[in-house]
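Visitor: Could you walk me through this structure, one feature at a time?
Guide: Gladly; let us look at it together.

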Amino acid sequence: MKLRELRNKRKVSFWAKVLPYLPYAFQSGVLVLSLLLIIAFSAWYTAFLQNLPPGLPILWMMLVILGPLTVYSGFRTYVQPADVVFLLPQENRMKEYLAPTYRSGVIYKLIGLYVVLLVLWPLYIRNGDQTHPLWLILIVLCLLKMLSAYGAWQELRITTNRARMGYRLLRWSFIILMLAAWLWQPAWKSMLFMVLVSVNYILALRFPMKHVVPWDNLIANEKAGAAKVMLILGWFVEVPAEGQKVIRRRWLSAVGNHITWTRKTSYRYLLAKTFVRSELLGILIRLGLLGMVVVGWNGSTWLGAGIYLFFIFLTGTQLTSLRYVHSDSPAASYYPISSGVRMQEIVRLASNVLLGLSLLLWIPMVTAEGRNWPILLGSLVLGILLALGMRSSWIKKWRDDEDE
């Protein structure tokens, strides 16, 4: 079998496992909710464009939104652990296998980047400073996305973790600087700056030692990518657990150490240690920061209150993935866990995190100007009630999943 055919077969096999769950996800109301959110956002954005606040930092907003989307690069290779043995003899031909991965990794993300740009474009052309034509910005974003994807691919090949992290920071810095140049500077200056920086960045990528094919990194990235897909599906329907990426967070290593070691609290200890090293914590941190910015921007208004409640609901939806933590892992069998404790501890952790984030998301509403105390207090009460309501729903829904 040709290597490209092997990759296509694996791709079809993976998505054949995912597609049967999509009807259940749509039945959960996610499609209707998405349409309602799009309609609500369209109405709000139209009103916002008609009444732009004076002194709004439009270019900074463009940089903050488009920057991470331009830099971010990821690849689905569908590489499997057994390939280290069976495909290693064909390592010099792996370009045939990996070439479609690079193209799809650029094209799909570029489409999403263009959609966001088109949404932001009416805001950009209202900027009082110099603006560039749409076609030029589209070309620039395509070139920057291709450069970032090339850099991300070379980072996967670098042999040492420290060098890989250093070059990742370098890629983020260079791409953000080049995008900022195009937002604030004339076209000829921006083009000259982009050419000089790109040439130096490509030359810098030639220095570190690299693997011909980074098998271990590709396998780890593929597992993480598959786990993300299953994590999203897990919000709506029960899916088989997939191995998720474990992230070392030394600044949180002490979390859980204060838990008294007893038979009733043993799973609480395991769950706390797992949570602080999971990808879910990173998602919640990013979601919480985004929610605080958006809620604080709208302040103590009815729109701000609605956004506040929406982010609480979105956070609770994310926390449902805790339901599958260690559901089929042998690690849980090493601990003296009593019957029924697993789901009890999961609900306890999810509820505490949701209540804590509910309070954090409410703080920007208090610190914003023009406080409306009836809306402020009403939002806090409704937010706590929503969190408690989700907790009650989890208890009823997950009761049948308790370990025997």
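**Reading the model**

Guide: Of the 404 residues in the chain, 43% are buried, where buried means under 20% relative accessible area, exposed over 50% and partly exposed in between, with a 1.4 Å probe and protein chains only. This is a predicted model, in which local features need pLDDT of at least 70 and side-chain atom pairs count only at pLDDT 80 or more, while totals for chains, interfaces and linings use all residues. Residues are numbered from 1 along each chain as its sequence is written, and side-chain values use heavy atoms, with hydrogens and water left out.

Visitor: How many helices and strands does the secondary structure of the chain come to?
Guide: Helices (H or I, at least four residues) and strands (E, at least two) are DSSP runs, numbered from the N terminus. Here there are 15 helices and zero strands.

Visitor: What share of the contacts with a separation of 6 or more comes from residues 24 or more positions apart?
Guide: A contact means heavy atoms within 4.5 Å. In this chain, the share is 82%.

Visitor: How do I read empty space, and how many cavities of 30 Å³ or more are there?
Guide: The general idea is that rolling a probe the size of a water molecule over the atoms shows where empty space is left. On a 1 Å grid over the protein atoms alone, a cavity is a set of points where a 1.4 Å probe fits but cannot get out, and lining residues have an atom within 4 Å of a point. Grid points are joined across faces, edges and corners, and a volume is the space filled by probe spheres set on the points. By this rule there is one cavity of 30 Å³ or more. The largest cavity holds about 60 Å³ of space.

Visitor: Which residues line the largest cavity?
Guide: The lining consists of Met62, Leu66, Leu117, Trp121, Tyr124, Ile137, Val140, Leu141, Leu179, Trp182 and Leu183. Two or more lining residues come from each of α4 (58-71), α6 (94-124), α7 (134-157) and α8 (161-184). By class, the lining has 11 nonpolar, no polar and no charged residues; Ala, Val, Leu, Ile, Met, Phe, Trp, Tyr, Cys and Pro count as nonpolar, Asp, Glu, Lys and Arg as charged, and the others, Gly among them, as polar.

Visitor: Let us stay with helix α8. Is Arg171 buried or exposed?
Guide: Arg171, in helix α8, is buried, with a relative accessible area of 5%. Its side chain makes a polar contact with the side chain of Ser148 at 3.0 Å. A polar contact is a pair of N or O atoms within 3.5 Å; within protein, one must be able to donate a hydrogen and the other to accept it, and residues adjacent in sequence count only if both atoms are side-chain atoms. Not counting residues up to four places away in sequence, Arg171 touches Val71, Ser73, Ser148, Gly151, Ala152, Glu155 and Tyr201.

Visitor: And what is the relative accessible area of Trp172?
Guide: Trp172 is also in helix α8, and at 33% it is partly exposed. Leaving out residues up to four places away in sequence, Trp172 touches Pro68 and Val71. The C-alpha atoms of Trp172 and Pro68 are separated by 8.2 Å, though the two are 104 residues apart along the chain.

Visitor: What can I read in the loop between α4 and α5?
Guide: Thr77 is found in this loop, which precedes α5 (83-86), and is buried with a relative accessible area of 2%. Beyond its neighbours within four places in sequence, Thr77 is in contact with Arg7, Tyr97, Leu98, Thr101, Trp153, Leu218 and Glu222. Tyr78 lies in the loop as well and counts as buried at 6% relative accessibility. Phi of Tyr78 is near 60°, a positive value in a residue other than glycine.

Visitor: How far apart are the end C-alpha atoms of helix α12?
Guide: The expected span of a helix is 1.5 Å times one less than its number of residues. For the 20 residues of α12 (residues 279-298) that gives 28 Å, and the end C-alpha atoms are 29 Å apart, which agrees. Just after α12, Gly299 takes a positive phi of about 65°.

Visitor: Where does Leu376 sit?
Guide: Leu376 is in helix α15 (residues 373-398) and is buried, with a relative accessible area of 0%. Leu376 and Gly299 are 77 residues apart in sequence and 9.0 Å apart in space, C-alpha to C-alpha.

Notes
On a 1 Å grid over the protein atoms alone, a cavity is a set of points where a 1.4 Å probe fits but cannot get out, and a pocket is an open set with protein on both sides within 12 Å along at least five of seven lines; lining residues have an atom within 4 Å of a point.
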